[in-house]
Amino acid sequence: MRKTDKKRDNLIRGSLTELCDELLALNIGFAWLTHTVDYNTFPQSLKVIIIFETDEAQERFANSSALDKLLSDIAHRFKQLDIRLATPHKHVLLDNEQACFRSHQGKWAHRLQQH
């Protein structure tokens, strides 16, 4: 990773940490979040994965207006970091703990490779 990539990754992590704290405070079944990126194809490869506790919590969120607000919020946060996401919905994925246990025995490292 180049020095500039490391700096950018630290900024992304800081912004997502703030978002994580805000989502936890909503009590919507949100568990945690992470991101993946290949800086050779940045920003197209940037993915933010929002993890919920259950299938039900994920589905409820996905079918609510909160999803559009979240996509807008993430795009705004990244814009402040000079990262432009033309189509935020292609960069944000929803997932959940139950699904990971079913298909990957709870091994997130393997599951995230598929995202």
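In this predicted model, strand β1, which spans residues 30-36, pairs with strand β2 in the antiparallel sense, and six bridges connect the two. Within this pairing, His 35 stands opposite Val 48 of β2. Strand β2 is also joined to strand β3 (residues 92-96), here through five bridges and with the two strands running parallel. Val 48 takes part in this second pairing as well, where its bridge partner in β3 is Val 92.

The burial of β2 was examined next. Six of the six residues of this strand, which covers residues 47-52, are buried, and β2 is therefore largely enclosed by the rest of the structure. In a regular strand, the side chains alternate between the two faces of the sheet. In β2 both faces are covered, since Lys 47, Ile 49 and Ile 51 on one side are buried, as are Val 48, Ile 50 and Phe 52 on the other.

A further residue considered is Asn 96, which lies in strand β3. With a relative accessible area of 3%, Asn 96 falls under the 20% limit and is therefore counted as buried. The side chain of Asn 96 is joined to that of Asp 55 by a polar contact of 3.0 Å. When neighbours within four places in sequence are left aside, the residues in contact with Asn 96 are Ile 51, Phe 52, Glu 53, Thr 54, Asp 55, Gln 58 and Trp 108. Among these contacts, Ile 51 and Phe 52 are also buried residues of β2, placed on opposite sides of that strand.

Methods. Residues numbered from 1 in each chain as written. Predicted model: local features only at pLDDT ≥ 70, side-chain atom pairs only at ≥ 80, totals over all residues. Heavy atoms only, no water. Buried < 20%, exposed > 50% of the residue type's maximum accessible area, 1.4 Å probe, protein only. Helix = DSSP H or I, 4+ residues; strand = E, 2+ residues; numbered from the N terminus. Pairing = 2+ DSSP bridges. Polar contact = N/O pair within 3.5 Å; in protein donor to acceptor, adjacent residues only side chain to side chain. Contact = heavy atoms within 4.5 Å.
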